[in-house]
Structures are given as structure tokens and as C-alpha cells.
Amino acid sequence: MKVIQALLISFTLSAAFMGRHSFTAAQEPELSAPCVFLLDGRRLAETKRRIKSGDKSFAPALAKLERDARRAMQQNHLSVVTKDATPASGDKHDYMSQAPYFWPNLNKPDGLPYIRRDGERNPELNKITDHLALDRMETAVRTLALAYYFKDDEAFAAKAAQLLRAWFLEPATRMNPNLEHAQFIPGVNTGRGFGLIETRGLTDVVDAIGLLARSKSWTTADQRGLEVWFTKFLQWMQESRNGREENAAKNNHGTFYDVQAMSFALFVGRNDLAKQIAETAKEKRIALQIEPDGRQPLELERTKAWSYSNMNLEGLMQLARLAESVHVDLWNYQTKDGRSIRGALEYLYPYATEDRKWTFQQIGGFEAQSFFFLMRRAVAHYQDPKFKAAESGIPKLDPTDREHLLTGK
């Protein structure tokens, strides 16, 4: 049965790969839109066209991106197998991390079981290096892929490909496609569904792979290998206890489960699944998480209510972006009583752009800046004078910010 399943996966991915990559590197039009999902391929292609035609308005951002890429070129290969700790499975190829908001119980001689202190990160978790290594890999690959796309420097693509192979493909260093041991709580469990929040950056990796498509350093075997890995990871998300637990989450964890599942489904050619997730998100995420006045109650009850309200809204906006690929409009979806992404934006922006005081808890202090990115995205999608006016009240992007390259503005 496993052999048959493997053959079916291989056949499905080969067909999907050929459908999405009908050009070879030599044949593909140089300025065609790359196959990306969270990023806007058409805007990227237009930005590149303008740069090649002599438009200097992107020069500061492009120079900063190149500097970042030069630093990323120095990044050593990253892997889950280099950690000192060993997961309960006994296999260092399994990703492992400790729950950030759990601390030793001082009333117990051994501190077990750990107890929750929401919003307070236990520095112990840094002893297990997989999360940090994953973040570094995602950041480096995204930067290198963008730099390759805009600069056509094969060295950047070659380094990105090396990092991707080390994390996902090479037998000695690759990560197993599961999160069975993510965010474990000492004395309670060896892993839990909440750990899936730590791989939300893999959606950037999926887009980075699309940016590498024309590179001679990124082979057909690499592409198919990554598609097999993400197919298996997506299957684990759908079938495992931890995956089902996260899918059932009603707050930001459920939102980012959908973001990952939809991104990975699109990547491996499962547009049917991506559309199903998008349609279900109308009631399962938007209607459930947002009140008619725009509040997100499950985020507001946290000790970092502002941070989590912004985080979940960013996830919902990412869902809306991904849903465009399967012709589902989540940007403008609204329940009969007015629950919507737009409503959540309208609820938050007076706190960031006006003098309205944030009255919910926010450990570490209130920072309006975390909303500015969402405000700019809202202006781009809604073309609403009200949002445009609100945007005028926030600082302009630094000329070196790579967002200029991503949006063409």
C-alpha cells in the first residue's frame, strides 16, 4: 500500500510540476510573473521590468536587499540534526521545540509539570535550537531568492538552493515532515498542536522556491523533492493528532494553520483543497473570530492583546491573498451581522493612527508600528478613501525598505 501511495504522489506531483512550470529556464520569458502565492507575481515582474528599463526609484531598496543577500551568503547550512537535545522519538531529524510561555512550578521539587504564564517567554526554550535555525533558514532563503530574482545573480540562487537542500532534502541533515515534538511542555507532553505556529514562515519558503524557478542552480529534482516534502507535511497536518488539534483552534493558531495548509496545497497543485480551505474560512475563521464591531475577542483576552490582534489579522489577510489564487474573495466577505476582515481593520486603526487609548492588556507596552504594515496592505486592496486618509497618518516607508520592491510603490 505504501508503494502504491508513493507512486500516486510521484505521478500527481509530476503532473502538477509540468502544469505550473511549462517553461525551462532557457525558454521562460525573462519578465514573466513568478509562481508565488503570498507575494504578487505580477507586481514583482512589473518592478523588475521597471528596474531593467532604468527606473532608479527602487535603487535604495535594491541596494539594501543586495547587502542583506551578501550577508545571507555567509550563512552556514542549517539543520535540525545539530541540536544538542534529542526528541522523545530518538530521531534528531524530528523538529523539536519547547512551549514558550511555560515555566517551572516553584511549588514542586523538580518544577514539573510546568505551568503557563501567558506572554512571558521562558529563556530555557533557546537551549533547543531548531526554532532559531528554522527562522534563520527561512529569512536567508527568502532574501537570497528575492535578490536572485531582481539581480539575476546566480550566486544568490545557488546559496538558497544549498540551504533548502540541507533543510529538506539531504539524507544526513533533512527535517522529517512532521511537528510531533514542537512546543512540548515539560512534565505534560512531548509535543502539541500549538507547535504548528512555528512553521508559518514556510509559506515564505514556498514563494522563495517560485522565485528560483529560472535558476540553473534549482533543478527539476530539487523542485520535485520539495513538492514531495510539502505533500507529506500537508498530509501530516491533516491526519495527525497535533495537526487536527491546531486545525480546530479558534484563534490565531487556527488562522495560521489555514495559511500554511492553503499555501502548501497551492504549491503541490492541490487547488481543490486550497479552495475548500478558503471557502470554509468564511465561517470557520472570519465569522467565528471577528465580532460585528471588529473586535477579535480571543486575541483581546491575551496578555499581549494588541500584538495578537494584529498577528491574527495579518493571518486573515494572508488567507485572503492566498484565496485569490482559487477565485475566492475573502477581502470583501461579510456575514449578515457585519463580521469581516475589513471590520477588524477598522476596529484597530484608530488606536494606531489616532489618539484612541488601548485599554486591553499589552505586556511590554503598546507599539502602533505593528499595525502600519497592515494599514498599507489595506489601502492597496480596498482602495478606500477612509483607509487612504488613515494611511496618511502613519510614517512613510524608508526608501531602503524591500516592501517597495514587493509592491512596486
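Here a colleague asks a modeller how the labels on this predicted model come about.

Modeller: Ground rules: this is a predicted model, where local features need pLDDT of at least 70 and side-chain atom pairs count only at pLDDT 80 or more, while totals for chains, interfaces and linings use all residues. Residues are numbered from 1 along each chain as its sequence is written, and side-chain values use heavy atoms, with hydrogens and water left out.

Colleague: Fine. What makes tyrosine 149 and phenylalanine 150 an edge-to-face pair?

Modeller: Rings of Phe, Tyr and Trp (its six-membered ring) pair if their centres lie within 6.5 Å; planes under 30 degrees apart are stacked, over 60 edge-to-face, and the rest tilted. That rule gives 19 aromatic pairs. In this one the centres are 5.2 Å apart and the planes make 80°, so the pair is edge-to-face.

Colleague: And why is the pair of tryptophan 229 and phenylalanine 233 called stacked?

Modeller: Their ring centres are 5.2 Å apart and the planes are at 20°, so that pair is stacked. Both residues lie in helix H7 (residues 220–239), four residues apart, about one turn of the helix. Helices here are DSSP runs (H or I, at least four residues), numbered from the N terminus.

Colleague: How do you know that tryptophan 229 is buried?

Modeller: Buried means under 20% relative accessible area, exposed over 50%, partly exposed in between (1.4 Å probe, protein chains only). Tryptophan 229 has 4%, so it is buried. Phenylalanine 233 has 0% and is buried too. Ring pairs also link Phe168, Trp229, Phe230, Phe233, Trp236, Phe264 and Phe267 into a cluster.

Colleague: H7 has a charged residue as well. Why is aspartate 222 called buried?

Modeller: Its relative accessible area is 7%, so aspartate 222 counts as buried. Leaving aside neighbours within four places in sequence, aspartate 222 is in contact (heavy atoms within 4.5 Å) with Arg165, Leu169 and Ser217.

Colleague: Over to helix H2 (residues 41–52): how do you know that its span agrees with what is expected?

Modeller: The expected span is 1.5 Å times one less than the number of residues. For the 12 residues of H2 that should be 16 Å, and the end C-alpha atoms are 16 Å apart, so the two agree.

Colleague: What puts the buried residues of H2 on the same side?

Modeller: They are Gly41, Leu44, Ala45, Thr47, Lys48 and Ile51. These cover an arc of only 160° around the axis, so they sit on the same side of H2. The arc is that of the directions from the helix axis to the C-beta atoms.

Technical notes: Helix = DSSP H or I, 4+ residues; strand = E, 2+ residues; numbered from the N terminus.
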